[in-house]
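Here is a set of short exercises to work through with a viewer open. Try each task before you read its solution.

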Amino acid sequence: MTTPFQKASEWIDAENAQDPNQESYKNSTYPKELLYSNRMYTKLMDFYPEASEEVQIASKAQHICRWKVARESYPMDRVGYLKWREELKKFHAKTTAVILEKAGYNAEFITRVSFLIEKKLLKKDAETQLLEDVICLVFLEYYLDPFVHKHDEEKLKNIIKKTWDKMSDKGHQEALKIKYSAENLELIKASLGL
C-alpha cells in the first residue's frame with residue numbers, strides 16, 4: 001500500500017517536473033525546481049538522516065512551483081524582493097498543504113509542514129533551523145558558483161556572510177566539508193575571516 005509520504009513525494013515531484021525552466025547537471029537536463037527539490041531532500045538525509053517526516057516533506061517542497069510567482073511581478077528593489085520572498089513562502093506552504101491533505105495527512109501535520117516551509121522561529125525552532133541549514137548547504141554546494149560569475153566580490157562576500165549567519169554550528173562544520181573550487185574556497189574564507 002502506498003503511504004501518505006510516498007503519495008505526497010510523488011505529487012510534489014510531479015508539480016516540480018512541470019517547471020519550464022531547465023538546468024543542466026552532469027550531462028543531463030532537468031526541470032529546475034525538480035532538481036532543487038531532489039538536492040534538498042538528498043542533502044537533508046545525508047546531513048540529518050533521522051529528520052522527521054514533516055522536515056522531509058518541507059525540504060522537498062521548499063520551492064514547489066516557484067516559477068509561478070515571478071520575481072518581475074514585484075518592484076525590482078530591496079522592498080520588492082523581500083515582499084516576493086514572503087509571498088513565495090506562503091505560496092509554497094499553501095501549494096504543499098493541498099497535496100498533503102489529498103495524501104491523507106491530518107491538520108496538525110499539515111500546519112507543522114507549513115510552519116517549516118515559512119521558516120518560522122528560525123534559530124529558535126530546531127526543525128526550522130535544520131531546514132535552513134540544508135537550504136544554505138544546498139546553496140553553497142550547487143548555487144554559489146553560478147552566483148560568483150554574476151556578482152562583484154563585495155556583494156558575494158555579503159551573500160556568503162549572510163548565509164553563514166543563518167546556519168547552526170553543525171551546519172558550519174558540514175559547509176566546510178563541501179568540495180569548492182580553489183577560488184570559491186578563498187572567497188568563503190575571505191568573507192568569513194577564516
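The exercises below concern a predicted model, and they go from the whole chain down to single residues.

**Exercise 1. The whole chain**

Task: Find how many helices and strands the chain has, and the order in which they run.

Solution: Start with the count, which is 9 helices and 2 strands. Next, walk along the chain from the N terminus: the elements run α-β-β-α-α-α-α-α-α-α-α.

Task: Decide what the radius of gyration says about the chain when set against a compact globule.

Solution: Take the expected value to begin with. For 194 residues, a compact globule would have a radius of gyration near 16 Å. The chain has 17 Å, which agrees with that expectation. For the extent along the principal axes, the C-alpha atoms fill a box of roughly 50 × 35 × 35 Å. Burial comes next: 46% of the 194 residues are buried. The accessible surface is about 10,800 Å², and carbon and sulfur atoms account for 53% of it. Lastly, look at the contacts with a separation of 6 or more: 63% of them join residues 24 or more positions apart.

**Exercise 2. Two helix pairs**

Task: Work out how helices H1 and H3 are oriented to each other, and which residues make their contact.

Solution: Begin with the geometry. H1 and H3 (residues 53-60) have axes 10 Å apart, at an angle of about 10 degrees. Angles under 35 degrees count as roughly parallel, and H1 is therefore roughly parallel to H3. On the H1 side, the contact is made by Phe5, Ala8, Ser9, Ile12, Asp13 and Asn16, and on the H3 side by Glu53, Gln56, Ile57 and Lys60. Sorted by class, this contact has 4 nonpolar, 3 polar and 3 charged residues.

Task: Do the same for helices H7 and H9: how are they oriented to each other?

Solution: The axes of H7 (residues 153-166) and H9 (residues 182-192) come within 9 Å and cross at roughly 70 degrees. The range from 65 to 115 degrees counts as roughly perpendicular, so H7 and H9 are roughly perpendicular to each other. H7 brings Glu153, Leu156, Lys157, Ile160, Lys161 and Trp164 to the contact, while H9 brings Leu187, Ile188, Ala190, Ser191 and Leu192. The classes here are 7 nonpolar, 1 polar and 3 charged residues.

Task: Stay on H9 and classify Lys189 as buried, partly exposed or exposed.

Solution: Lys189 lies in helix H9. Its relative accessible area is 34%, so Lys189 is partly exposed. As a distance check, Lys189 and Leu176 are 13 residues apart in sequence, with 9.9 Å between their C-alpha atoms.

**Exercise 3. Two residues inside helices**

Task: Are Gln56 and Gly171 buried or exposed?

Solution: Gln56 is found in helix H3. Buried means under 20% relative accessible area; Gln56 has 12% and is therefore buried. Beyond four places in sequence, Gln56 touches Phe5, Tyr41, Leu44, Met45 and Ala51.

Gly171 has its place in helix H8 (residues 169-175). With a relative accessible area of 0%, Gly171 is buried. Setting aside neighbours within four places, Gly171 is in contact with Phe47, Asp133 and Leu137. Leu137 is 34 residues from Gly171 along the chain, yet their C-alpha atoms are separated by 7.4 Å.

**Exercise 4. Loops and backbone angles**

Task: Locate Asn21 and list its contacts beyond its sequence neighbours.

Solution: Asn21 sits in the loop between helix H1 (4-16) and strand S1 (22-25). A relative accessible area of 39% makes Asn21 partly exposed. Not counting residues within four places in sequence, Asn21 is in contact with Tyr30, Pro31, Lys32 and Trp67. For Pro31, 10 residues away in sequence, the C-alpha to C-alpha distance from Asn21 is 5.9 Å.

Task: Say what phi is for Asn27 and for Lys123, and where these residues lie.

Solution: Keep the general rule in mind: most residues other than glycine have a negative phi. Asn27 has a positive phi, near 65 degrees. Asn27 lies in the loop between S1 and strand S2 (28-31), and at 87% relative accessibility it counts as exposed. Lys123 also is not a glycine, and its phi is positive at about 75 degrees. Lys123 belongs to the loop between helix H5 (107-117) and helix H6 (126-148).

Methods
Residues are numbered from 1 along each chain as its sequence is written. This is a predicted model: local features need pLDDT of at least 70, side-chain atom pairs count only at pLDDT 80 or more; totals for chains, interfaces and linings use all residues. Side-chain values use heavy atoms; hydrogens and water are left out. Axes are lines fitted to C-alpha atoms, for helices over the stretch in contact, and angles run from 0 to 180 degrees between N-to-C directions. Helices (H or I, at least four residues) and strands (E, at least two) are DSSP runs, numbered from the N terminus. Angles under 35 degrees count as roughly parallel, over 145 as roughly antiparallel, 65 to 115 as roughly perpendicular and the rest as oblique. Contact means heavy atoms within 4.5 Å. Ala, Val, Leu, Ile, Met, Phe, Trp, Tyr, Cys and Pro count as nonpolar, Asp, Glu, Lys and Arg as charged, and the others, Gly among them, as polar. The radius of gyration is taken over C-alpha atoms; the globule rule is 2.2 Å times the number of residues to the power 0.38. Buried means under 20% relative accessible area, exposed over 50%, partly exposed in between (1.4 Å probe, protein chains only). Accessible areas come from the Shrake-Rupley method with a 1.4 Å probe; for residues, only the protein chains shown count as cover.
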